Amino acid sequence: MTERKPPGVPFESWVDKQIRDAQARGEFDRLPGAGKPLPGDTVYEELWWVKRKMAREGLSVLPPTLALRKEAEDALAAAYAAPSEGIVRKIIKDINSKILDMMLKPPPGPPLGLKRYDVEEVVREWRERRTAAR
């Protein structure tokens, strides 16, 4: 479409004419997805393209406190699945330092709602789970 809008013609009617002419020439025939609904949600979202790109690239944006809650859950699960007591202690020590660091700062989002794990309690639970699994 290299044609320019003639002066004095309203933009909307010029665009409509271009679309009608292209339809008459059959330029919209046999396009991929012709006659099918647009993919995705039927509800209009203003930032749909941002959400789709983030999903495609496996990204998520959480406030730091919520991200730390998820990380703490994952760390506890990793500690319970760890092969040795030393690794359990390291995992819990690392996550505890992050939790303490977040507790000492003003919250950059919703309240953290976490407290540090008791390393000895986690190790005890880890031992019990290993014994029960045998």
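Reader: What counts as a salt bridge here?
Author: The model is a predicted one. In it, a pair qualifies by distance between a side-chain nitrogen of Lys or Arg and a carboxyl oxygen of Asp or Glu. The cut-off for that distance is within 4 Å.

Reader: With which residue does Asp101 form a salt bridge?
Author: Asp101 is partly exposed, with a relative accessible area of 39%. Its partner is partly exposed as well, at 45%. The closest N and O atoms of the pair are 3.3 Å apart, and the partner of Asp101 is Lys105.

Reader: How many salt bridges are there by this rule?
Author: The pair Asp101 and Lys105 is one example of a salt bridge, and Arg129 with Glu125 is another. By the rule used here, the count comes to 13.

Reader: How far apart in sequence are Glu85 and Arg127?
Author: These two residues form a salt bridge, with the closest N and O atoms 2.5 Å apart. Glu85 lies in helix α4 and Arg127 in helix α5, so the pair links distant parts of the chain, as defined by helices that are DSSP runs. The separation between Glu85 and Arg127 is 42 residues.

Reader: Is Arg127 buried or exposed, or in between?
Author: Buried means under 20% relative accessible area and exposed means over 50%. Arg127 has a relative accessibility of 42%, and because this value lies between the two cut-offs, the residue counts as partly exposed.

Reader: Which residues are linked with Glu85 in a network of salt bridges?
Author: Glu85 is partly exposed, with a relative accessible area of 25%. One residue of the network is Arg127, which forms a salt bridge with Glu85. The residues linked with Glu85 in the network are Arg89, Glu120 and Arg127.

Reader: In which helix do Arg129 and Glu125 lie?
Author: Arg129 and Glu125 form a salt bridge, their closest N and O atoms being 3.0 Å apart. Arg129 is partly exposed at 41%, and Glu125 is partly exposed at 22%. They are four residues apart, about one turn of the helix, and both lie in α5.

Reader: Which element gives the most residues to the largest nonpolar core?
Author: This core has 17 residues, and among those touching the most other members are Val88, Ile92, Ile95 and Ile99. The elements giving two or more residues to the core are α3 (64–80), α4 (85–104) and α5 (119–133). The most, six residues, come from α4.

Reader: Which residues does Val122 touch, not counting those up to four places away in sequence?
Author: Val122 is one of the core residues that touch the most other members. Nonpolar side chains tend to be buried together in soluble globular proteins. The residues touched by Val122 are Leu76, Ala79, Tyr80, Val88, Ile92 and Tyr117.

Terms used. Residues are numbered from 1 along each chain as its sequence is written. This is a predicted model: local features need pLDDT of at least 70, side-chain atom pairs count only at pLDDT 80 or more; totals for chains, interfaces and linings use all residues. Side-chain values use heavy atoms; hydrogens and water are left out. A nonpolar core is a set of buried Ala, Val, Leu, Ile, Met, Phe, Trp, Tyr and Cys residues joined through side-chain atoms within 4.5 Å. Buried means under 20% relative accessible area, exposed over 50%, partly exposed in between (1.4 Å probe, protein chains only). Contact means heavy atoms within 4.5 Å.
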